[in-house]
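Colleague: Hey, have you got a minute to go through a model with me? I'd like to talk it over while we look at it.
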Amino acid sequence: QGKGIFLFNKLSQISDWKKDSRWKPSASRDPQEQAPQAETYVVQKYLENPLLIGGKKFDLRIYALVTSYSPLTVYLYRSGFARFSNSRYQITKNTLTD
């Protein structure tokens, strides 16, 4: 856990990081298929004041595939999922690793 995690505080940091992002060639021997391909990433936003249900944290996950930015084309997967904590939310140094 934690391998390949990047933390950003500002949108401009993502733009700077993107300029230095690594590209990996395709494993195919066909020269037309060896064009650089972007690595895949999961993007999340940390909420400092989370919405609670019964004093417990939860998260809802949806999956989106962005195939183009100009024009913007996004496909949403219909089946997401929800996770619920089994302990009450507290923001203390002792509970940061929970």
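Colleague: Let's start with R83: is it buried, partly exposed or exposed?

Modeller: Keep in mind that this is a predicted model. R83 has a relative accessible area of 41%. That falls between the 20% limit for buried and the 50% limit for exposed, so R83 counts as partly exposed.

Colleague: OK, and which residue does R83 form a salt bridge with?

Modeller: With D59, and the closest N and O atoms are 2.8 Å apart. The pair links distant parts of the chain: R83 sits in strand 6 and D59 in strand 3, 24 residues apart.

Colleague: Why would two side chains pair up like that?

Modeller: Side chains of opposite charge can pair when their charged atoms come close.

Colleague: How many salt bridges does the structure hold?

Modeller: Two. Besides the one between R83 and D59, the side chains of R61 and D59 meet in a salt bridge, at 3.3 Å from N to O. Salt bridges that share partners join D59, R61 and R83 into one network.

Colleague: And how exposed are D59 and R61?

Modeller: D59 has a relative accessible area of 22%, so D59 is partly exposed. R61 is partly exposed too, at 27%.

Colleague: New topic. How do strand 4 and strand 5 pair?

Modeller: They run antiparallel, with five bridges. One example is L65, whose bridge partner in strand 5 is Y75. The two strands form a hairpin, with two residues between them.

Colleague: What's in the loop between strand 4 and strand 5?

Modeller: P71 is found there. Have a look at the peptide bond from S70 to P71: that bond is cis, with omega near 0°.

Colleague: What are most peptide bonds, cis or trans?

Modeller: Most peptide bonds are trans.

Colleague: Good to know. Which residues make the nonpolar surface patch?

Modeller: I62, V66, Y69, L72, V74 and L76 make it, and the patch covers about 680 Å². Strand 4 and strand 5 each supply at least two of its residues.

Colleague: Which strand gives the largest share?

Modeller: Strand 5, with three residues. V74 is found in that strand.

Colleague: Why does V74 count as partly exposed?

Modeller: Because its relative accessibility is 40%, and partly exposed means between 20% and 50%.

Colleague: Can you sum up the hairpin for my notes?

Modeller: Sure: strand 4 and strand 5 form the hairpin, P71 is in the loop between them, and both strands supply residues to the nonpolar patch.

How values were computed
Residues numbered from 1 in each chain as written. Predicted model: local features only at pLDDT ≥ 70, side-chain atom pairs only at ≥ 80, totals over all residues. Heavy atoms only, no water. Patch = residues over 30% accessible without salt bridge, like charges linked within 9 Å, V, L, I, M, F, W, Y side chains within 5 Å. Areas by Shrake-Rupley, 256 points an atom, 1.4 Å probe, with all protein chains shown as cover. Salt bridge = Lys/Arg side-chain N within 4 Å of Asp/Glu carboxyl O. Helix = DSSP H or I, 4+ residues; strand = E, 2+ residues; numbered from the N terminus. Buried < 20%, exposed > 50% of the residue type's maximum accessible area, 1.4 Å probe, protein only. Pairing = 2+ DSSP bridges.
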